[in-house]
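This report concerns the pockets of one protein model and the surroundings of its ligand. Please consult the sequence and the structure shown below while reading.

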Amino acid sequence: MKFFLDTADIAEIEEAESWGVLSGVTTNPTLYSRIGGKLANFHEHVKSICSIVGGPVSAEVVSLERDGMIREGEELAALAPNVAVKVPVTPEGLAAIKALSAKGVSINTTLCFTVPQALLAARAGTRYVSPFVGRFDDISEDGIEHLGRTVAALANYDFGHPVEVIAASIRSANHVTQAALLGADIATVPFAVLKNLVKHPLTDRGLDAFLADWEKVKNS
Ligand code: G3P
């Protein structure tokens with residue numbers, strides 16, 4: 001499974017990149033506003049992220065109708081060769097996915113909650129499908145079970161172009177474990193979750209024991 005960082009924070013992206021584990025970035029307007037982002041700087045910010053990360057950088061359109069989505073998508077795609085345009089799965093979004101993907105723009109279909117939504121996005125030409133996990137958990141449904149259905153359904157078909165599943169709305173290490181066991185191609189994770197993925201109490205305990213023993217060796 002590949003790891004994308006779900007953030008707009010440059011420092012977080014640089015840190016994850018330095019670990020050698022970063023295959024891409026996903027952003028959205030909420031994440032950009034969280035770092036105090038201004039509309040006037042948005043395109044420059046996307047370009048900065050694209051210069052750090054070699055893999056796809058998803059940047060979201062904010063229009064809700066097809067012409068606006070297509071215009072924004074073309075502008076975003078022109079910023080860097082590794083931009084993937086994030087489009088919501090709506091009828092207008094599907095039309096934008098069709099038009100943009102026909103022009104060679106890579107699309108990440110977002111706000112995806114059902115198997116039919118994923119199948120329609122794939123058929124329209126999306127490169128990535130992002131089923132949301134945590135938001136199902138928020139309404140007391142099993143987000144991982146829904147993710148499993150989408151992964152299994154997409155694997156039944158050849159869409160004539162590659163379609164990868166990005167497990168999104170990931171809130172915990174357990175989400176990542178379950179997504180990997182289901183065969184999701186990618187997990188996009190907040191930096192706090194990525195840091196947790198590296199940790200285990202037994203790793204810390206092993207390190208403490210090692211350091212204590214090394215002290216004895218040094219003092220012998
Ligand atoms: O990539 C989509 C993700 O940012 C949504 O996460 O935690 O807002 O449900 P969340």
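In this predicted model, the second largest pocket holds about 270 Å³ of space. Its lining is made up of 14 residues, and those closest to the centre of the pocket are Leu-39, Phe-42, Glu-60, Val-62 and Glu-72. Three helices, α2, α3 (42-52) and α4 (66-77), each supply at least two residues of this lining. The largest share comes from α4, which contributes 4 residues. By class, the lining of the second largest pocket divides into 6 nonpolar, 3 polar and 5 charged residues.

The largest pocket contains about 420 Å³ of space. Of the 21 residues lining the largest pocket, Asp-6, Asn-28, Leu-31, Phe-132 and Arg-135 are the closest to its centre. The elements that give two or more residues to this lining are α2 (29-34) and β5 (106-112). Helix α2 provides the largest share, with 4 residues. The lining of the largest pocket comprises 7 nonpolar, 8 polar and 6 charged residues.

Which space does the ligand take? The ligand occupies the largest pocket. The residues that surround the ligand are Asp-6, Asn-28, Lys-86, Phe-132, Arg-135, Ala-168, Ser-169 and Arg-171. This shell consists of 2 nonpolar, 2 polar and 4 charged residues.

Three of the surrounding side chains place an N or O atom at the following distances from an oxygen atom of the ligand.

| Side chain | Distance to a ligand oxygen atom |
|---|---|
| Asn-28 | 3.3 Å |
| Arg-135 | 2.7 Å |
| Arg-171 | 2.8 Å |

On its own, the ligand has 310 Å² of accessible area, of which the protein covers 82%. Asn-28 and Arg-135, both listed in the table, are also among the residues closest to the centre of the largest pocket. Asp-6 and Phe-132 likewise belong to the shell around the ligand and to the residues closest to the centre of that pocket.

The two ends of helix α1 complete this account. At the start of α1 (residues 10-18), a side-chain oxygen of Asp-9 comes within 2.9 Å of the backbone nitrogen of Ala-11. After α1 comes Gly-20, which has a positive phi, near 75 degrees.

In summary, the ligand takes the space of the largest pocket, and Asn-28, Arg-135 and Arg-171 are among the residues around the ligand. Helix α2 gives at least two residues to the lining of the second largest pocket, and α2 also makes the largest contribution to the lining of the largest pocket.

Terms used. Residues numbered from 1 in each chain as written. Predicted model: local features only at pLDDT ≥ 70, side-chain atom pairs only at ≥ 80, totals over all residues. Heavy atoms only, no water. Near = heavy atom within 4 Å. Polar contact = N/O pair within 3.5 Å; in protein donor to acceptor, adjacent residues only side chain to side chain. Areas by Shrake-Rupley, 256 points an atom, 1.4 Å probe, with all protein chains shown as cover. 1 Å grid on protein atoms, 1.4 Å probe; cavity = no way out; pocket = protein on both sides within 12 Å on 5 of 7 lines; lining within 4 Å. Sits in = over half its atoms within 2 Å of the grid points. Nonpolar A, V, L, I, M, F, W, Y, C, P; charged D, E, K, R; others polar. Points joined across faces, edges and corners; volume = space filled by probe spheres on them.
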